[in-house]
Amino acid sequence: TAALPAGGPPAAAPRRRAEAAAAMKGGRGPHGKGGGRGEGPLMKGMIRSWKEPWGFIVCPGVFEGDLFAHRDHFLENYTGDLTGAAVEFGLGEDGKGRRTARSIRVLGAS
């Protein structure tokens, strides 16, 4: 086995940020996904605000600003206010080429 560098294992966060940035720019994710209408790497974030049937996801440290989320792109059916819920999601595009969250899975409600 290889020895770990001083200070512990390397941080994975910079790699995740780079993958997310590539996906946001239409690049390819680590599994050959991303770009076009496909999904990039899965990311974790939080629903900043929710007004049925849509809201916005934030993912500090990965990308700035809000990412649009629609009820139609949740993997499971949820009702009520999802504000503050932790989510996992991929990136996609809407019909106008704008980035949006896809394959959204609620990890936990606040």
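This tour proceeds from the whole chain to its strands, its core and its low-confidence stretches.

The model is predicted: local features need a pLDDT of at least 70 and side-chain atom pairs count only at pLDDT 80 or more, while totals for chains, interfaces and linings use all residues. Residues are numbered from 1 along each chain as its sequence is written, and side-chain values use heavy atoms, with hydrogens and water left out.

**Whole chain.** Begin with a cartoon view of the protein, which contains one helix and five strands; helices (H or I, at least four residues) and strands (E, at least two) are DSSP runs numbered from the N terminus. Their order from the N terminus is α-β-β-β-β-β. Of the 110 residues, 33% are buried, where buried denotes under 20% relative accessible area, exposed over 50%, and partly exposed in between (1.4 Å probe, protein chains only). With the surface displayed, about 6700 Å² is exposed, and carbon and sulfur atoms supply 55% of that area; accessible areas come from the Shrake-Rupley method with a 1.4 Å probe, and for residues only the protein chains shown count as cover.

**Strand E4.** Select E4 (86-93) next. Six of its eight residues are buried, so that E4 is mostly covered by the definition of that term. E4 runs antiparallel to E1, to which four bridges join it; two strands pair if DSSP finds at least two bridges between them. Within this pair, Phe89 of E4 is the bridge partner of Met43.

**The hairpin.** Add E5 (99-108) to the selection. E4 and E5 pair in the antiparallel sense over seven bridges, with Leu91 opposite its bridge partner Ala101 in E5. Five residues lie between the two strands of this hairpin, and Gly97 in the turn has a positive phi of about 85°.

**Nonpolar core.** Show the side chains of Ile47, Ile57, Phe89 and Ile104, the residues with the most contacts inside the largest nonpolar core, which has 17 residues. Such a core is a set of buried Ala, Val, Leu, Ile, Met, Phe, Trp, Tyr and Cys residues joined through side-chain atoms within 4.5 Å. E1 (43-51), E2 (54-59), E3 (63-70), E4 and E5 each supply at least two of its residues.

**Confidence.** Finally, colour by pLDDT, the predictor's confidence in each residue from 0 to 100. The average is 75, and 63% of the residues score at least 70. Over residues 8-15 the pLDDT stays under 50, and the model has two contacts beyond four places in sequence for them; contact means heavy atoms within 4.5 Å. Residues 23-38 are also below 50, with 32 contacts beyond near neighbours in sequence. Where pLDDT is low, the predicted coordinates should not be read in detail.
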